[in-house]
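Me: I have a model open and would love to talk through its helix packing and a few backbone details. Could you walk me through it, one question at a time?

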Amino acid sequence: MNLAYIPSPSHGVLYLGPIPLRGYAFCIIIGVFVAVWFGNKRWIARGGRSGTVADIAVWAVPFGLIGGRLYHVITDYELYFSEGRDWVDAFKVWEGGLGIWGAIALGALGAWIGARRRGVPMPAYADAVAPGIAFAQAIGRWGNWFNQELYGRETDLPWALHITSSEGGRVPGYYHPTFLYESLWCVGVGLLVIWADRRFKLGHGRAFALYVAAYCVGRGWIEYMRVDDAHHILGLRLNNWTALIVFLLAVAYIWVSAKKRPGREAVVEPAAVASGGSADGVSDGSADGVSDRPTGKTGAGAGAEAEGEEKTASADKG
């Protein structure tokens, strides 16, 4: 018996009268809120309007939830459509089962629809929300803790996860808390994207591609530790193959995009410029909106100031 371990909750749902309050759902909701809030800060720092990120998220979030569930149901169809199973369970999202690959793919489609309706470039929007999505994943993974699912191999490490439930084929014991590993990794990915975006002025979707590539690296080794049932291809879990393919695509996108469209978008939301906003946004794209540009006047303001100085000089000479 381990003397030190991470306890599992006795149940993942509390009842407020007849209303169930599920820990898994709370983690997803909090994650979405963080992603939108942080993405909005980064969008404003790039020269966009407040509220644009939330408006596009109205399309992206539902599409993402549907995509995440579809990926899970398709890749683990035997949990819902094999003999003795009830296909209605495929709709019970609150019981867990959202595949990040499907969530990002279909969520991106929803975001593209919202971005077109709003008149903003999709790559710039993706760059703004990338670290927030990573932080949202970090929070969402704690939903697996509430459901006592997606843990790794047995271990006697002091941070082992104590599984107490025997439902669904679980065997009570002490296991690697892969949900915690992935949560911490996602926090690191978000911080990496923020740093790289400030350091290299990433644009045209490259910050988002960096998030995808970095997440895939972590998902690869975390997936290797998991012991839940999964389909295998050539000895590797399906999600390992997915992570490898998506990683290569993300890296290829970064390389090709940097060659064809170096630098960063000058304007991320034309409507904001038309209404009097900055024409080039904030050059460093930081979440706190602090620009690294010089604070002196430019353009017409500088010209007017220079003309005033010339008249003053002429008057002095006279």
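Me: At what angle do helix H5 and H8 pack?

Reply: Happy to help, and please keep in mind that this is a predicted model. Helix H5 covers residues 122–140, and its axis lies 7 Å from that of H8. The angle at which the two pack is about 25°.

Me: Is H5 roughly parallel or roughly antiparallel to H8?

Reply: The packing angle of H5 and H8 is about 25°. Angles under 35 degrees count as roughly parallel, and those over 145 as roughly antiparallel. H5 and H8 are therefore roughly parallel.

Me: Which residues in H8 do the residues in H5 meet?

Reply: Let's start from the H5 side, where Ala 126, Asp 127, Ala 130, Ile 133, Ala 134 and Gln 137 take part. The residues of this contact divide into eight nonpolar, one polar and two charged. On the H8 side, the partners are Arg 206, Ala 207, Phe 208, Tyr 211 and Tyr 215.

Me: Is the crossing of H5 and H8 left-handed or right-handed?

Reply: This is the pair with axes 7 Å apart. The crossing of H5 and H8 is left-handed.

Me: Are H2 and H4 roughly parallel or roughly antiparallel to each other?

Reply: Helix H2 (residues 52–75) and helix H4 (residues 100–118) have axes 6 Å apart and pack at about 150°. Their contact brings together 14 nonpolar, eight polar and three charged residues. H2 passes H4 in a right-handed crossing. Since angles over 145 degrees count as roughly antiparallel, H2 and H4 are therefore roughly antiparallel.

Me: Now for the backbone: is His 204 buried or exposed?

Reply: His 204 sits in the loop between helix H7 (178–200) and helix H8 (206–225). Its phi is near 55°, a positive value in a residue other than glycine. With a relative accessible area of 9%, and with under 20% as the cut-off, His 204 is buried.

Me: What is the relative accessible area of Leu 150?

Reply: Leu 150 has a phi near 55°, which is positive although the residue is not glycine. You will find Leu 150 in the loop between helix H6 (142–147) and strand S4 (161–163). Leu 150 is partly exposed, and its relative accessible area is 22%.

Me: Stepping back, what percentage of the residues of the protein count as buried?

Reply: The secondary structure comes to eleven helices and seven strands. The accessible surface is about 17,200 Å², with 67% belonging to carbon and sulfur atoms. Of the 318 residues, the share that counts as buried is 43%.

Note on methods:
Residues numbered from 1 in each chain as written. Predicted model: local features only at pLDDT ≥ 70, side-chain atom pairs only at ≥ 80, totals over all residues. Heavy atoms only, no water. Helix = DSSP H or I, 4+ residues; strand = E, 2+ residues; numbered from the N terminus. Buried < 20%, exposed > 50% of the residue type's maximum accessible area, 1.4 Å probe, protein only. Areas by Shrake-Rupley, 256 points an atom, 1.4 Å probe, with all protein chains shown as cover. Axes fitted to C-alpha atoms, helices over the stretch in contact; angles between N-to-C directions. Parallel < 35°, antiparallel > 145°, perpendicular 65-115°, else oblique. Left-handed = near helix turned anticlockwise from the far one by under 90°. Nonpolar A, V, L, I, M, F, W, Y, C, P; charged D, E, K, R; others polar. Contact = heavy atoms within 4.5 Å.
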